[in-house]
Amino acid sequence: MESKTSKGQMSWWQLSLLGVGCTLGTGFFLGTSMAIAKSGPAVLIPFILAAIGTYIVYDALVHMSVANPDKGSFRTYAKQAFGNWAGFSNGWVYLISELLIMGSQLMALGIFTRFWFPSIPLWMTASGFGALGLLIILTGMKGFEKFQNVFGAMKAAAVVMFIVVAAILMIKGMNSEPRQLDVIIANFQGFFSEGVKGVWLGLLYAFFAFGGIEVMGLLVIDLKDPQQAPKAGKVMIVILTTIYVIALACALALVHWASFTIDESPFITALANFNIPFVADIITGILIIAGFSTMVASLYAVVTILTALAEDHDAPAILAKKGKMKVPLPAFLFLTGGLIITITIGFLIPEKIFEYLITAAGLMLIYNWLFILVTYAKLMTLTKWQHVKNIVGMLLIAVTVSGTLGEKTSRLGFYISLLFIVIIALATLIVMKKRSNHRSV
């Protein structure tokens with residue numbers, strides 16, 4: 001995409017808004033049901049721990065971005081710290097994980113739309129959302145920024161609206177319905193009903209709700225004053241953590257935690273028994289907006305990283321060839337092809353296997369976060385406090401990844417993620433060997 005390294009136009013608060021828009025998605029609106037199923041009412045703890053881990057990773061990434069603004073972001077810094085192999089492997093790990101995640105987001109969007117239009121084939125709605133997302137990418141950075149700002153504000157407003165409605169229902173229920181107070185007491189008494197293991201297993205899904213902060217690293221070069229990037233991240237993460245924790249606490253105050261199911265948004269479940277008109281329609285609309293905006297953020301990240309890979313000859317150089325469009329046409333065509341392939345995979349392979357693939361893709365993103373922290377320690381001169389923060393971040397990620405071994409779906413996803421890593425490692429080895437031989441000739 002077009003770079004504005006020399007004349008950034010974005011203020012810090014716009015970057016905060018963009019961060020909210022890119023991050024607040026189906027990982028929170030839908031995925032939190034899985035976190036509640038694993039952790040019970042103690043789900044608030046994984047979300048607070050994931051927020052701390054997310055902030056540590058963002059802070060590391062943004063300090064490197066301020067010191068050396070580059071549209072290649074984390075893969076460029078990995079290359080500077082450890083050599084060409086690190087830039088190549090980091091870029092492709094991220095690219096493959098985002099392409100798989102986009103396929104899952106498009107399938108989810110198709111399923112959500114079926115709530116209103118059950119007769120429309122799933123592939124048709126998924127393809128329609130994909131085409132619309134690609135059109136937004138064609139508008140370049142300005143179009144992407146405007147879109148994410150509007151949808152980010154809408155999603156944040158939707159969560160705030162849920163909190164307000166839930167608060168009114170709680171107050172009303174405690175005054176007239178003894179049952180409502182019983183729910184709150186039961187969830188409070190059973191706060192650690194799933195034990196420490198529940199918190200451990202819930203961490204993965206809490207981290208998924210914060211997925212998207214790496215896109216902010218790609219956007220730092222568009223700030224008017226890159227020195228304000230750390231402030232933008234702090235504000236974004238404080239906003240997200242506050243609304244996540246309060247919204248979850250409100251949902252748990254309305255119904256017993258065992259009532260939540262992994263197939264339904266916890267916010268639909270929380271309001272289902274209160275006979276509020278159109279509540280399912282409203283939350284379905286929010287899910288579609290959330291899923292679509294995070295999908296567009298992934299599209300932006302992929303085309304940016306792909307262009308940077310091509311410019312560094314870690315992908316075919318033709319992919320970065322610029323024309324009259326705001327996005328390199330070959331990179332755009334690659335992205336379109338990738339979307340078509342992932343949608344096709346999603347429809348052809350069994351649902352369970354696709355679920356394992358998506359878990360693997362999410363884990364690969366977290367591996368990328370871990371490498372950001374390793375790169376930060378290698379590339380920058382850290383204070384004692386920064387070293388401590390970095391170690392805490394690494395430990396949180398390590399504990400989160402180890403939690404995948406605690407149950408079948410995530411365990412198989414973990415093994416698949418390792419398989420992808422091995423394949424990319426072999427590809428890296430072959431490419432680096434060819435380059436070495438070419439230089440020695």
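**An enclosed cavity and two helical residues**

About 30 Å³ of space lies in the second largest cavity of this predicted model, and a search of the whole structure finds two cavities of 30 Å³ or more. The lining of the second largest cavity is made up of I56, D59, A60, Y376, Q386, K389 and N390. Two helices, α4 (44-67) and α17 (384-402), each contribute at least two residues to this lining. In chemical character, the lining residues of the second largest cavity comprise three that are nonpolar, two that are polar and two that are charged.

Apart from the cavity, two helical positions were examined, beginning with T125, which lies in helix α7, a segment covering residues 122-138. T125 counts as buried because its relative accessibility is 11%, below the limit of 20% under which a residue is so classed. The side chain of T125 reaches the backbone oxygen of L122 at a distance of 3.0 Å. When neighbours within four places in sequence are left aside, T125 is in contact with G110, T113 and I120.

The second position, V238, belongs to helix α12, which spans residues 229-254. V238 has a relative accessible area of 53% and is therefore exposed, the threshold for this class being over 50%. Although V238 and I52 are separated by 186 residues in sequence, their C-alpha atoms are 10.0 Å apart in space.

Definitions and conventions. Residues are numbered from 1 along each chain as its sequence is written. This is a predicted model: local features need pLDDT of at least 70, side-chain atom pairs count only at pLDDT 80 or more; totals for chains, interfaces and linings use all residues. Side-chain values use heavy atoms; hydrogens and water are left out. Helices (H or I, at least four residues) and strands (E, at least two) are DSSP runs, numbered from the N terminus. Buried means under 20% relative accessible area, exposed over 50%, partly exposed in between (1.4 Å probe, protein chains only). A polar contact is a pair of N or O atoms within 3.5 Å; within protein, one must be able to donate a hydrogen and the other to accept it, and residues adjacent in sequence count only if both atoms are side-chain atoms. Contact means heavy atoms within 4.5 Å. On a 1 Å grid over the protein atoms alone, a cavity is a set of points where a 1.4 Å probe fits but cannot get out, and a pocket is an open set with protein on both sides within 12 Å along at least five of seven lines; lining residues have an atom within 4 Å of a point. Grid points are joined across faces, edges and corners, and a volume is the space filled by probe spheres set on the points. Ala, Val, Leu, Ile, Met, Phe, Trp, Tyr, Cys and Pro count as nonpolar, Asp, Glu, Lys and Arg as charged, and the others, Gly among them, as polar.
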